[in-house]
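Thanks for coming. I have one model to go through today, so please put it up on the screen.

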Amino acid sequence: MNLHFNKNIERIEATPEAYNVHLTNGEVLEVDVVLAATGRKANIKDLGLEALGLDLNEQGKIPVNERFETAIPSVLALGDLIAGPELTPVALAEAHATC
Ligand SMILES: Cc1cc2nc3c(=O)[nH]c(=O)nc-3n(C[C@H](O)[C@H](O)[C@H](O)COP(=O)(O)OP(=O)(O)OC[C@H]3O[C@@H](n4cnc5c(N)ncnc54)[C@H](O)[C@@H]3O)c2cc1C
């Protein structure tokens, strides 16, 4: 298995012997199986946090304490907006913990 990070697929060409995976950088990979995993980032920029006076950390996430309170304690943040795995069960568990 070969991992190729930060590369995008332009098209996949099927031949009788293999798949030719054409990357946007011009590379062509000849493989028998392809698994493409999409990266993503939380849509955090336009939430208006600056107006509240909430700063993001270096990773672009909202800093919170163990009770998911931000620098403004009446404002909680959780899920993809804070540090940690960006997964549904994590966001759900964090939401339940704040109830
Ligand atoms: C393609 C894809 C596949 C994924 N697959 C998996 C998987 O297999 N397993 C897994 O565990 N996780 C998966 N995830 C991650 C999972 O979806 C997220 O980690 C989880 O949904 C985060 O929950 P959240 O409540 O933080 O954000 P979200 O579920 O994104 O909820 C945020 C909500 O806020 C709303 N919103 C945004 N801006 C505003 C605004 N200005 N005003 C009001 N509402 C607003 C949005 O419409 C949305 O409803 C996947 C994500 C993607 C994109």
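I will take the strands, then the ligand, then the pockets.

Some housekeeping. This is a predicted model, in which local features need pLDDT of at least 70 and side-chain atom pairs count only at pLDDT 80 or more, while totals for chains, interfaces and linings use all residues. Residues are numbered from 1 along each chain as its sequence is written, and side-chain values use heavy atoms, with hydrogens and water left out.

Strands first. By strand I mean a DSSP run of E of at least two residues, numbered from the N terminus, and two strands pair if DSSP finds at least two bridges between them. Strand β1, residues 9–14, runs antiparallel to β2, with five bridges joining them. Ile12 has Val21 in β2 as its bridge partner. The hairpin from β1 to β2 passes through four residues.

Strand β2, residues 19–23, also pairs with β3, residues 28–31, in the antiparallel sense over four bridges. Here His22 stands opposite Val28. Four residues lie between the strands of this hairpin, and Gly26 takes a positive phi near 95° in it.

Now the ligand. Which residues surround the ligand? They are Arg40, Leu47, Gly79, Asp80, Glu86, Leu87, Thr88, Pro89 and Ala91, counting a residue when one of its heavy atoms lies within 4 Å. By class, that shell has four nonpolar, two polar and three charged residues. In this scheme Ala, Val, Leu, Ile, Met, Phe, Trp, Tyr, Cys and Pro are nonpolar, Asp, Glu, Lys and Arg are charged, and the others, Gly among them, are polar.

Asp80 places a polar side-chain atom 2.7 Å from a ligand oxygen. Backbone atoms also appear: a polar one of Glu86 is 3.3 Å from a ligand oxygen, and a polar one of Leu87 is 3.2 Å from a ligand oxygen. On its own the ligand has 1,000 Å² of accessible area, and the protein covers 31% of that (Shrake-Rupley method, 1.4 Å probe).

Last, the pockets. A pocket is an open set of points on a 1 Å grid over the protein atoms alone, where a 1.4 Å probe fits, with protein on both sides within 12 Å along at least five of seven lines; lining residues have an atom within 4 Å of a point. The largest holds about 810 Å³ of space. It is lined by 21 residues, and Asn2, His4, Leu35, Ala36 and Ala37 are the closest to its centre. The lining has 13 nonpolar, six polar and two charged residues.

The second largest pocket holds about 160 Å³. Its lining includes Asp80 and Glu86, and the classes there are three nonpolar, two polar and five charged.

How values were computed: Polar contact = N/O pair within 3.5 Å; in protein donor to acceptor, adjacent residues only side chain to side chain. Points joined across faces, edges and corners; volume = space filled by probe spheres on them.
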